[in-house]
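Colleague: I am new to this structure and should be grateful for a close look at a single part, namely the strands, together with the side chains and loops that belong to them. Please explain the terms as they arise.

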Amino acid sequence: MKKLEKRQLLIVFTTLIFIALAGWTALGSLIPQGLSYVDYIERYGLQGANTIRALGIDGVYTHPMMWILGTLLVLLLGYYLGSLLKIRVKKQPSFLARFILHLGLGLVLLASGIVAYTSEEVPLELAIGEKKAFVEGAFSGVSVTLEDFEVDFYEDGTPKQYRAKVDLQVGQDSVKREIQVNEPIYFKGYRLYQDNYAWEVFGWVKQKDKKQEFRLKLGEGLKVNDAQLLMLFVPNYDGDNTEPTIKPRPDAPHLLVRYQTDEERQEDFIPLGKTKKIGDVEIFFEKYQPYSGLYLKKAEGLEVLKLGYLFLILGVGLGYFSFLRRGRR
């Protein structure tokens with residue numbers, strides 16, 4: 001087989017390995033890592049959770065596939081760069097472009113490995129005005145404050161976009177910025193990105209002469225003497241139906257309340273701004289507002305990763321310029 005054909009085959013194989021590695025790494029960004037089995041069921045359903053666990057997608061960065069693909073790519077890039085260095089620059093005007101391009105690939109791979117090895121993440125659920133400060137562990141000295149949060153909807157009521165205005169503080173330094181899905185903050189080795197949203201509800205519960213205010217996020221409950229109150233925000237509810245309409249935009253907001261004791265269990269819907277008695281307690285649904293589901297990640301090597309992508313762009317640009325020069329001859 002001719003040297004040119006061997007080199008072309010090597011390029012194709014190296015590219016396929018890189019695409020496979022990039023796709024595998026991307027799964028680590030799309031699928032939250034290290035959650036419990038129950039958390040995966042809540043997010044993706046039983047079948048989705050079983051698939052994630054079976055494929056090992058809950059631990060992408062420590063999976064053997066990551067290291068197999070990474071090792072293959074390092075070996076192939078090393079061999080190819082070594083062959084490039086044997087080519088005389090005078091006889092090969094595109095040498096610089098190809099060298100920079102593959103150097104960028106090497107840096108991206110190296111940085112991806114560093115990020116994977118040092119990566120740690122923690123989920124956050126913050127309401128507007130709420131602050132989470134870490135005093136120990138990997139995120140010690142870091143705090144996140146949610147200053148504002150908005151959800152946009154399409155005309156059919158499905159969510160279009162959700163944006164969070166956050167204040168990320170690392171030590172004595174901080175950055176304030178608006179983030180949304182696929183547009184995170186990168187700051188001092190940390191990455192903060194928007195993951196999801198839900199609704200929190202406000203109101204009060206009264207039993208006899210005792211009145212207790214509540215502010216609850218999704219899945220949170222309230223204990224009133226011997227009764228357990230579970231509350232769920234329902235964005236749309238038609239009182240003529242026994243089941244709520246599943247539409248995220250709150251056109252007809254209600255509060256679904258489950259009242260449960262050892263002797264009885266009741267459920268009922270309370271419209272916004274109304275009071276209703278369920279069991280032996282009186283419940284007032286005052287207001288609701290969205291809260292943000294965020295992920296805070298810590299990883300070293302992000303600057304090297306950016307440099308690698310810069311070399312990739314530069315290499316592609318120089319290669320295109322070299323191609324135009326050859327075409328004019």
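Modeller: The account below takes one sheet, then the cavity, then a second sheet and some loops. This is a predicted model, in which local features need pLDDT of at least 70 and side-chain atom pairs count only at pLDDT 80 or more, while totals for chains, interfaces and linings use all residues. Residues are numbered from 1 along each chain as its sequence is written, and side-chain values use heavy atoms, with hydrogens and water left out.

Four strands form an open sheet in the order β2-β3-β4-β5, and their pairing is antiparallel. Strands are DSSP runs of E with at least two residues, numbered from the N terminus, and two of them pair if DSSP finds at least two bridges between them. At the edges of this sheet stand β2 (131–133) and β5 (173–180), each of which pairs on one side only. From one strand to its neighbour the turn averages 15 degrees, direction ignored; the axes are lines fitted to C-alpha atoms, and angles run from 0 to 180 degrees between N-to-C directions.

Within this sheet, β3 (residues 142–153) and β4 (residues 159–170) run antiparallel and are joined by eleven bridges. One of the residues concerned is Val144, whose bridge partner in β4 is Leu168. A salt bridge also links these strands: Glu150 and Arg163 bring their closest N and O atoms to 2.7 Å. The term requires a side-chain nitrogen of Lys or Arg within 4 Å of a carboxyl oxygen of Asp or Glu. Glu150 belongs to strand β3 and Arg163 to strand β4, so that this pair, 13 residues apart, links distant parts of the chain. Glu150 is partly exposed at 38% relative accessibility, whereas Arg163 is buried, with a relative accessible area of 17%. Here buried means under 20% relative accessible area and exposed over 50%, with partly exposed in between, for a 1.4 Å probe and protein chains only. Salt bridges with shared partners join Glu150, Asp152, Arg163 and Glu178 into one network. The structure holds twelve salt bridges.

Another of these salt bridges leads towards the cavity. Arg215 meets Glu200 with the closest N and O atoms 3.1 Å apart. Because Arg215 lies in strand β8 (residues 210–216) and Glu200 in strand β7, the pair ties together parts that are 15 residues apart in sequence. Arg215 is partly exposed, with a relative accessible area of 42%, while Glu200 is buried at 1%.

Glu200 is also among the residues that line the largest cavity, the others being Trp199, Val201, Leu216, Lys217, Leu218, Met231, Leu232 and Phe233. A cavity is a set of points on a 1 Å grid, over the protein atoms alone, where a 1.4 Å probe fits but cannot get out, and lining residues have an atom within 4 Å of a point. Two or more residues of the lining come from each of β7 (190–207) and β10 (227–234). By class, the lining has seven nonpolar, no polar and two charged residues; Asp, Glu, Lys and Arg count as charged, and Ala, Val, Leu, Ile, Met, Phe, Trp, Tyr, Cys and Pro as nonpolar, with the others, Gly among them, as polar. The largest cavity encloses about 50 Å³ of space, a volume being the space filled by probe spheres set on the points, which are joined across faces, edges and corners. The structure has one cavity of 30 Å³ or more.

Strand β10 belongs to an open, antiparallel sheet of four strands in the order β9-β10-β11-β12. Its edges are β9 and β12 (265–271), each with a single partner strand, so one side of each has no neighbour in the sheet. The twist from one strand to the next averages 25 degrees. Strand β11 (residues 254–260) runs antiparallel to β12 and is joined to it by seven bridges; one bridge pairs Arg258 with Glu267 of β12. Asp268 and Lys276 form a salt bridge at 3.5 Å, N to O. Asp268 is partly exposed at 28% relative accessibility, and Lys276 is partly exposed with a relative accessible area of 27%.

The loops complete the picture. Lys208 lies in the loop between β7 and β8, is exposed with a relative accessible area of 77%, and has a positive phi near 60 degrees. Asn225, in the loop between β9 (221–224) and β10, has a positive phi of about 55 degrees although it is not a glycine. Most residues other than glycine have a negative phi.

Technical notes: 1 Å grid on protein atoms, 1.4 Å probe; cavity = no way out; pocket = protein on both sides within 12 Å on 5 of 7 lines; lining within 4 Å.
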